[in-house]
Amino acid sequence: MDDLGAKIRKYRVTMKLSQAEFAQRLGVTGAAVSAYENGTRQPSYDILLRIANVLGASVDELLGRSGQHRRVIDVTELTSEQIQLLQRTAEQFAGYNRLRRGPGGKKPPDSR
């Protein structure tokens, strides 16, 4: 878990949050955030969940346990109907991408 702190810092900086702003969102002190990022202290399970939620990442991503890039979307202000629509849309895109990969299983080229 040595790189947990580096991942927390990377995500926080990407979101343009200072340590103080991040700490406020987590409900901890700035010193605690600094200790997490420097690896001198590990966050508790509850704080790790808060960190993941604030950063829009999964706990698995932060811990380096995810083989794929996944994105967590905050749906707290959406209706259950809207959440179901998002889920169905994501499943349709995943199915489309599986079809494009074909039998070889290669990832489709990025269309950017």
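**Helix packing in an all-helical chain**

Set aside the neighbours within four places in sequence, and Ala-52 is left touching Ala-57, Ser-58, Val-59 and Leu-62. The model is a predicted one, and this small alanine is a handy way into it. Ala-52 sits in helix H4. With a relative accessibility of 4%, Ala-52 falls under the 20% cut-off and therefore counts as buried. One of its partners, Leu-62, lies 10 residues away along the chain, yet the two C-alpha atoms are 7.4 Å apart.

Stepping back, the protein chain has 6 helices and 0 strands, so to speak a plain run of α-α-α-α-α-α from the N terminus on. The chain counts 112 residues, 25% of them buried. About 8500 Å² of the chain is exposed, and carbon and sulfur atoms make up 51% of that area. As for contacts with a separation of 6 or more, 42% of them link residues 24 or more positions apart.

The largest nonpolar core holds 19 residues, and the members touching the most others are Ile-8, Phe-22, Leu-26, Tyr-36, Ile-51, Leu-55 and Leu-62. At least two core residues come from each of H1 (4-14), H2 (19-26), H3 (30-38), H4 (45-55) and H5 (59-62). H4 gives the largest share, with 6 residues. Phe-22 shows how these pieces come together: beyond four places in sequence, its contacts are Ile-8, Arg-12, Leu-17, Val-33, Ile-51, Val-54 and Leu-55.

Phe-22 also turns up where H2 meets H4. On the H2 side the contact uses Phe-22, Arg-25 and Leu-26, and on the H4 side Ile-47, Arg-50, Ile-51, Val-54 and Leu-55. Sorted by class, that makes 6 nonpolar and 2 charged residues, with no polar ones. The spacing within H2 and H4 fits a general point about helices: an α-helix has 3.6 residues a turn, so residues three or four places apart point the same way. As for geometry, the two axes come within 10 Å of each other and cross at roughly 120 degrees. The crossing of H2 past H4 is right-handed.

H3 has its own set of buried residues, namely Ala-32, Val-33, Ala-35, Tyr-36 and Glu-37. Their cover includes H1, H2 and H4. The charged name in that list deserves a closer look. Glu-37, placed in helix H3, has a relative accessible area of 4%, and because anything under 20% qualifies, this glutamate is buried. Apart from neighbours within four places in sequence, Glu-37 is in contact with Gly-5, Ala-6, Ile-8, Arg-9, Arg-12 and Gln-19. Two of these names, Ile-8 and Arg-12, also appear among the contacts of Phe-22. After H3 comes Gly-39, with a positive phi near 80 degrees.

A positive phi also shows up at a residue that is not glycine. Most residues other than glycine have a negative phi, whereas Lys-16 has a positive one, near 60 degrees. Lys-16 belongs to the loop between H1 and H2. Is this lysine buried or exposed? Its relative accessibility is 72%, and since the cut-off for exposed is over 50%, Lys-16 counts as exposed.

Methods:
Residues numbered from 1 in each chain as written. Predicted model: local features only at pLDDT ≥ 70, side-chain atom pairs only at ≥ 80, totals over all residues. Heavy atoms only, no water. Core = buried A, V, L, I, M, F, W, Y, C linked by side-chain atoms within 4.5 Å. Buried < 20%, exposed > 50% of the residue type's maximum accessible area, 1.4 Å probe, protein only. Helix = DSSP H or I, 4+ residues; strand = E, 2+ residues; numbered from the N terminus. Contact = heavy atoms within 4.5 Å. Areas by Shrake-Rupley, 256 points an atom, 1.4 Å probe, with all protein chains shown as cover. Axes fitted to C-alpha atoms, helices over the stretch in contact; angles between N-to-C directions. Left-handed = near helix turned anticlockwise from the far one by under 90°. Nonpolar A, V, L, I, M, F, W, Y, C, P; charged D, E, K, R; others polar.
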